[in-house]
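These are my notebook entries on a structure that I had not opened before. I wrote down what I looked up, in the order in which I looked it up.

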Amino acid sequence: MYASGLEGPIPSNISLLSNLNQLEISDINGPSQDFPILGNMKGMTILVLRNCHITGELPSYFWSMKSLNMLDVSFNKLVGEIPVAAHAGHTRFLFLTRNMLSGNIPDSVLMDGSNSHCFHVNCGGEDVKVMENDENILYVGDGNVLGSAAAKYFINYENHWGFSSTGDFMDDGDYLNTRYTRPSPSSNLPELYKTARVTPISLTYFHYCLENGKYTVNLHFAEIQFTNDNTFRSLGKRIFDIYVQEILVRKDFNIESETHVAQKPLTIPIYNVTVTDNILEVQFYWAGKGTTRIPTSGVYGPLISAFSIVSDSKPCSDPKNVRHKIIVGAGFGVTALCLVIIIVGIFWWKGYFEGIIRRTKGNKKQDSQKGTFTLKQIRDATDDFSPANMIGEGGFGPVYKGQLSDGTLVAVKQLSSMSRQGNREFLNEIGMISCLQHPNLVKLHGCCIEGKQLMLVYEYMENNNLARSLFSSKNQLKLDWPTRLRICIGIAKGLAFLHEESRLKIVHRDIKATNVLLDGNLNPKISDFGLARLDEEDKSHIITRVAGTIGYMAPEYALWGYLSYKADVYSYGVVVLEVVSGKNNNNYTPSDNCVCLLDMACHLQRTENLIELVDERLGSEVNPTEATNLMKVALLCTDVSPSVRPTMSEVVNMLEGRMSIPDAIPQPSDFSEDIRFKAMRDIHQQRENHSLSTSRTD
């Protein structure tokens, strides 16, 4: 119940809801109240009592709530010290902003801040302890992951690991298998090999918050679905590829080729694995090889029994002695920063800061990590918004190049405070992008909210946007073929992160060449999240107000407002065609029969002449196979049916050669009734009518 308009106090009989596991209340009206009695809610996982006029001391019973993951009691009138906790490692987020608390933060609430350096998983099974090197090592089981989480994506936030699985065993007679795990029929195998996790296409395990350094990855296998007798059940062949840190380490790997028999344990060590960004990934990929119907239909694809990740420089320690990370207060970590920025933005929008904001005097040095800038700092950085520093013009205001006092180059996006839509997009953008970090997403340094000014401060992109590089006659930048291919893959990875890998699943809604920025090394970064929406994962689509750019919008969204992540996939396909051809989809009219670039690409695909679409400026440097495959993927992304379009992670796998590109679905010989091009034809007709009326007037 966020900002519901309800009046307090919170009723005392709320304590009767002992089975409640999530309670979120904010911004209620009414008099001050004591802290509600919630001690019997032992299963509470998320508790938000923000700006509820609560007075008194913070109760100590919160630390006995073993499942409590987040506690937010910010913007109240709490006093006293934070109670000492026997153990608060299970609580990961604690927000105490804008209270009147005193004293120090107890050591029991904090942790030592160290990253982990070893990890063990029993794939498809329960937790099991195994004796290794005279130590009793706990292998964490993932066999209880059910439903779509097992078939798609699972993450364990407490221990910083998870896995992503793609595909479905279409011919096993079970629509979307609920577990994707397999038990062993043999009781003679060691406990670690009695279960396994399988996948029809790709399975990626990942572990983040690892210390950087060298690691050894031990992969444990046992072929438990084939037999050793003389029946047809012994004739199966399971073949798949293994990647570690995106590097192919075993191609066409066959468990039985290594063990020579089925149901025999096998350990494959991978040495000298480098972790440089605190993340390690192990991927198993089925490339369509081996049998698929032995002993029954649907027996194929990667199979893994267990794995371990062990540092080469530090021994493993008992996980009971490792305290989990916790983010305390506003300003400690990205999530807290997101909360503060959103609250500040909403308060400013509603006028709560009128007459309160004071300009910072002097030339105080700005730490770009703080997230807020004064108007004076922005003016100094941009030479008082000098026209010479204007590098672009957005839908709601100009963009300026600036340099902070510490030498950091930034791009300042100035929004009109008189526009309600501009206000909405401002709040939406800082709420979305400040919570996201990825190499292919533009980084938001912070914002300025002062007087009538609304400004966003981004990292500066030396090469402006992709549209200028492709379409502008004044642009001197030459994008060769390898660079164009790398740009397309980078955009795909950024969208895959938004759709599938980020904790917040986000639909951008306005993917186009002008919203893709290029840094000094021509790496692409997706920008402009003003229209972005959170994807509701429990729904196939949502119906919303249409916003975006004609020519890039998916037909189901443009015509009926049906929005899903597949709308971004469609827009991506259009952008890829623009990158390959060097032509703008909306301004390119090749003939009377084709109204746009995508229309032309569809005709060329039907006549098997796709290569004619390639930018002639590239000459002979183009790799024809790569170009054709890239355009085939683009046309798959722009299919009129959302169900045919691939996910962005599948697009990445196709472009990087880890997944085959499906054959194109036959298209009609006449595209005149295709709903994808109806809006474009209407626009061209309006332009022609306007041109005729203008000429007659002259």
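Entry on Ser 527. I first asked whether Ser 527 is buried or exposed in this predicted model. Ser 527 has a relative accessible area of 8%, and because buried means under 20%, I recorded Ser 527 as buried. I found Ser 527 in the loop between β32 (524-526) and β33 (533-534). Leaving aside residues up to four places away in sequence, I listed what Ser 527 touches: Val 442, His 508, Asn 515, Val 516 and Leu 517.

Entry on the whole chain. I then looked up the totals, and noted 13 helices and 35 strands in the protein chain. Of its 698 residues, 52% are buried. Taking contacts between residues at least 6 apart in sequence, I noted that 64% join residues at least 24 apart. The chain exposes about 33000 Å², and carbon and sulfur atoms supply 51% of that area.

Entry on helix α7. I followed helix α7 over residues 481-501, which is 21 residues, and read a span of 28 Å from its first C-alpha to its last, close to the 30 Å expected at 1.5 Å a residue. How many residues of α7 are buried? The count is 16 of its 21, and I therefore wrote that α7 is mostly covered, with buried meaning under 20% relative accessible area.

Entry on the six-stranded sheet. I traced an open sheet of six strands in the order β10-β11-β9-β23-β17-β20, and the pairing in this sheet is mixed. Its edge strands are β10 (128-132) and β20 (266-275), each of which pairs on one side only. From one strand to the next, the twist averages 30°. Within this sheet I looked more carefully at strand β17 (residues 213-221) and strand β23 (residues 306-311), which run antiparallel and are joined by six bridges. Tyr 215 stands opposite Ser 311 in β23.

Entry on parallel pairs. Strand β2 (residues 33-34) pairs with strand β4 (residues 54-57) in the parallel sense, over two bridges, and there I found Ile 54 in β4 as the bridge partner of Gln 33. β4 also pairs in the parallel sense with strand β6 (residues 77-81), over three bridges, and the bridge partner of Glu 57 in β6 is Val 79.

Entry on backbone angles. I kept a general point in mind here, that most residues other than glycine have a negative phi, and most peptide bonds are trans. Which peptide bond did I note as cis? The bond from Ile 294 to Pro 295 is cis, with omega near 0°, and Pro 295 is found in the loop between β21 (279-285) and β22 (303-304).

I also noted a positive phi at His 260, near 70°, in a residue other than glycine. His 260 is in the loop between α2 (255-259) and β20, and because its relative accessibility is 68%, and exposed means over 50%, I entered His 260 as exposed.

Asn 272, again a residue other than glycine, has a positive phi near 55°. I placed Asn 272 in strand β20, which is an edge strand of the six-stranded sheet described above. With 56% relative accessibility, Asn 272 counts as exposed as well.

Notes
Residues numbered from 1 in each chain as written. Predicted model: local features only at pLDDT ≥ 70, side-chain atom pairs only at ≥ 80, totals over all residues. Heavy atoms only, no water. Helix = DSSP H or I, 4+ residues; strand = E, 2+ residues; numbered from the N terminus. Buried < 20%, exposed > 50% of the residue type's maximum accessible area, 1.4 Å probe, protein only. Contact = heavy atoms within 4.5 Å. Areas by Shrake-Rupley, 256 points an atom, 1.4 Å probe, with all protein chains shown as cover. Expected span 1.5 Å × (residues − 1). Pairing = 2+ DSSP bridges. Axes fitted to C-alpha atoms, helices over the stretch in contact; angles between N-to-C directions.
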